[in-house]
Amino acid sequence: MLKIAPSLLAADFSKLAEEVKKVEDAGADLLHIDVMDGHFVPNLSMGPMIIESLRNKTKLPFDVHLMVEEPARFVKPYADAGADIISVHIECFCGLYRTIKSIKELGKKAGIVLNPPTPISSIEYLLNDLDMILIMSVDPGFGGQSFIPYVLPKISEARKIIDEHKLKIDLSVDGGVNEKSAPLIVEAGANVLVMGSALFREKDVKSLIQKYKNLSLDIRNQK
């Protein structure tokens with residue numbers, strides 16, 4: 001079954017708890033939380049206090065995406081704040097194997113993130129320790145961007161590797177996911193859709209989430 005991960009970055013920050021409840025009640029599977037340090041990407045967002053303040057407001061797993069220069073420094077604070085999945089960028093090249101191990105040692109799921117130009121081959125040495133691969137389909141750091149279609153072959157390649165090695169890894173895609181791009185992403189092999197503006201701006205969120213969840217069934221029936 002396809003999983004929907006609303007991106008908190010697109011929510012109304014004046015009423016975060018209400019926004020989280022809205023997507024949880026609508027059938028979301030996890031909550032995607034973008035953490036930005038102002039260095040790895042230009043923006044700043046989502047300190048551990050925000051995650052901690054929301055932790056008792058929802059049962060949704062927190063999928064924390066660290067867009068930071070030194071991810072090892074951020075792992076424990078976010079784990080302690082209530083993160084369930086912590087994903088770091090391969091482009092950091094800052095002791096990533098040790099960082100992934102530290103995430104697992106804290107009892108959390110570990111993910112690796114690839115920017116649009118970064119090849120899947122760069123993470124092969126980490127595959128056996130991963131719970132999630134997150135493929136960026138826009139340049140990281142800003143919401144509301146358009147989907148970059150040349151990442152579709154990379155999604156397909158990642159799915160092939162996961163299936164061939166019989167790995168229990170979620171394949172997530174983040175960036176410009178909407179009615180036009182989602183079918184292409186799902187057909188390429190992703191099983192988690194990170195959705196921001198296209199979801200939080202929708203009036204009937206429940207119907208929209210169900211529509212996207214049906215995508216995988218529709219595509220399977222067409223094959």
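What percentage of the 223 residues in the protein do buried residues make up? In this predicted model, the share comes to 55%. The legends below start with the whole chain and then move in.

**View 1. The whole protein, with its eight helices and nine strands.** The radius of gyration is 16 Å, close to the 17 Å that the globule rule gives for 223 residues, so the protein is as compact as a globular protein of that length. Measured out along the principal axes would be one way to picture this; in computed terms, the C-alpha trace spans about 45 × 45 × 30 Å. Among contacts with a separation of 6 or more, 65% are between residues 24 or more positions apart. The accessible surface comes to about 10,600 Å², and carbon and sulfur atoms account for 51% of that surface.

**View 2. Helix H4 and its buried side.** Here we look at residues 96–105, which form H4. Leu96, Thr99, Ile100 and Ile103 are buried in this helix. These residues cover an arc of only 100° around the axis, which puts them on the same side of H4. What do the buried residues of H4 pack against? Their partners are helix H3 (71–81), strand E5 (85–89) and strand E6 (109–114).

**View 3. The other face of H4, and what follows the helix.** Turned away from the buried side is a face that carries Arg98 and Glu105, both exposed. Following H4 comes glycine 107. The phi of glycine 107 is positive, near 80°.

**View 4. Aspartate 129 in its loop.** This residue belongs to the loop between E6 and strand E7 (132–136). Is aspartate 129 buried or exposed? Its relative accessibility is 15%, and with buried meaning under 20%, aspartate 129 counts as buried. Leaving aside neighbours within four places in sequence, aspartate 129 is in contact with Tyr97, Ile100, Lys101, Lys104 and Ala110. One of these, Ile100, is also among the buried residues of H4, which ties this view back to the helix shown above.

**View 5. Arginine 55 over the ring of phenylalanine 62.** For a last stop, take a look at an arginine placed over an aromatic face. Arginine 55 lies 3.7 Å from the ring centre of phenylalanine 62. How many aromatic pairs are there, taking ring centres within 6.5 Å as the rule? The count comes to zero.

Note on methods
Residues numbered from 1 in each chain as written. Predicted model: local features only at pLDDT ≥ 70, side-chain atom pairs only at ≥ 80, totals over all residues. Heavy atoms only, no water. Phe/Tyr/Trp six-rings, centres within 6.5 Å; stacked < 30°, edge-to-face > 60°. Lys NZ or Arg CZ within 6 Å of the ring centre and 35° of its normal. Buried < 20%, exposed > 50% of the residue type's maximum accessible area, 1.4 Å probe, protein only. Helix = DSSP H or I, 4+ residues; strand = E, 2+ residues; numbered from the N terminus. Arc of directions from axis to C-beta. Contact = heavy atoms within 4.5 Å. Rg over C-alpha atoms; globule rule 2.2 N^0.38 Å. Areas by Shrake-Rupley, 256 points an atom, 1.4 Å probe, with all protein chains shown as cover.
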